Amino acid sequence: MNTDDIFIRNHISATTLVREGMRIPLVHAMTGVTWRSLRKIWQDTYGDATPLPGRMPGNTLSYIKQGQTSLLLSTLVAVYLTVEKRANPATASQAEMFIQAWESRKLFTKNGMAIDVNAAWYAIRDVKAELVSWGRCKQCKATYIFDTELRETSKCPYCGVRDIKIIGPGKQ
């Protein structure tokens with residue numbers, strides 16, 4: 001793939017991510033699109049409204065504490081890991097794989113259930129970097145994000161059982 005194709009695909013991905021509400025620093029890190037171009041995309045999308053001020057929560061567990069559900073984030077991470085496993089690394093960018101997984105959320109969310117696009121990216125990043133624990137429920141075999149010290153994630157979000165096999169780093 002030539003550099004012009006990569007440039008165009010990265011800009012398309014960046015535009016999609018900005019329209020979905022992803023913060024500019026995350027879009028920049030994921031696509032490599034310049035800050036100036038991203039600010040222009042933001043302005044074209046949202047007009048004169050400035051990007052959201054303030055610091056974002058820095059990790060997945062912070063988002064869960066602020067109301068994002070472990071079930072939705074875990075489902076999205078599982079979809080992303082499947083997309084990544086099936087993708088051709090020579091042609092698929094990280095942003096394109098994320099967008100594909102992000103689009104799948106429409107299949108498992110209903111009205112009133114929302115996933116923050118930034119939280120979704122942090123969940124994927126944290127699981128892949130082994131910054132959060134990733135386990136498999138021994139009852140229903142679903143994989144999910146957990147932290148034994150965080151009540152919201154201490155049991156399987158799918159079936160409610162507390163019997164887990166740790167497949168990512170865990171606290172001993």
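Biologist: Let's start with the strands: how many bridges join β1 to β2?
Modeller: This is a predicted model, so read everything here as computed. Strand β1 covers residues 133-137 and runs antiparallel to β2. In that pairing, Gly 135 sits opposite Tyr 144 of β2. The number of bridges joining β1 to β2 is 4.

Biologist: And in what order do the 3 strands of the open sheet lie?
Modeller: Two strands pair on one side only, namely β2 (143-146) and β3 (164-166), and these are the edges. The pairing is antiparallel, and neighbouring strands are turned by 45° against each other on average, direction ignored. The order is β2-β1-β3.

Biologist: Which strands does α5 touch when it packs on the sheet?
Modeller: Take the direction of α5 and compare it with that of β2: the two make about 125°. The strands α5 touches are β1 and β2.

Biologist: α5 also packs with α6, so are they oblique or roughly antiparallel to each other?
Modeller: Helix α5 spans residues 70-86 and helix α6 spans residues 94-108, with their axes 9 Å apart. The angle is about 135°, and roughly antiparallel would need over 145 degrees. The two helices are therefore oblique.

Biologist: How many nonpolar residues does the contact of α5 with α6 have?
Modeller: On the α5 side the contact includes Leu 72, Leu 76, Val 79 and Val 83, while α6 brings in Met 97, Phe 98, Trp 102 and Phe 108, among others. There are also 4 polar and 2 charged residues in that contact. The nonpolar count is 10.

Biologist: Phe 98 has an aromatic partner too; what kind of pair do the rings of Phe 98 and Trp 121 form?
Modeller: A search of the whole structure turns up 6 aromatic pairs. For Phe 98 and Trp 121, the ring centres are 5.6 Å apart and the planes stand at 90°. Phe 98 lies in α6 and Trp 121 in α7 (residues 117-128), so the pair ties together parts 23 residues apart in sequence. Planes over 60 degrees apart count as edge-to-face, so this pair is edge-to-face.

Biologist: Over at the N-terminal helices, is the crossing of α1 and α3 left-handed or right-handed?
Modeller: Helix α1 (residues 3-19) and helix α3 (residues 35-46) pack at about 50°, with axes 10 Å apart, which makes α1 oblique to α3. Among the residues that meet are His 11, Ala 14 and Val 18 in α1, and Leu 38, Ile 41 and Trp 42 in α3. As for its hand, the crossing is right-handed.

Methods. Residues are numbered from 1 along each chain as its sequence is written. This is a predicted model: local features need pLDDT of at least 70, side-chain atom pairs count only at pLDDT 80 or more; totals for chains, interfaces and linings use all residues. Side-chain values use heavy atoms; hydrogens and water are left out. Axes are lines fitted to C-alpha atoms, for helices over the stretch in contact, and angles run from 0 to 180 degrees between N-to-C directions. Angles under 35 degrees count as roughly parallel, over 145 as roughly antiparallel, 65 to 115 as roughly perpendicular and the rest as oblique. Contact means heavy atoms within 4.5 Å. Ala, Val, Leu, Ile, Met, Phe, Trp, Tyr, Cys and Pro count as nonpolar, Asp, Glu, Lys and Arg as charged, and the others, Gly among them, as polar. Two strands pair if DSSP finds at least two bridges between them. Rings of Phe, Tyr and Trp (its six-membered ring) pair if their centres lie within 6.5 Å; planes under 30 degrees apart count as stacked, over 60 as edge-to-face and the rest as tilted. A crossing is left-handed if the near helix is turned anticlockwise from the far one by less than a right angle, and right-handed if clockwise.
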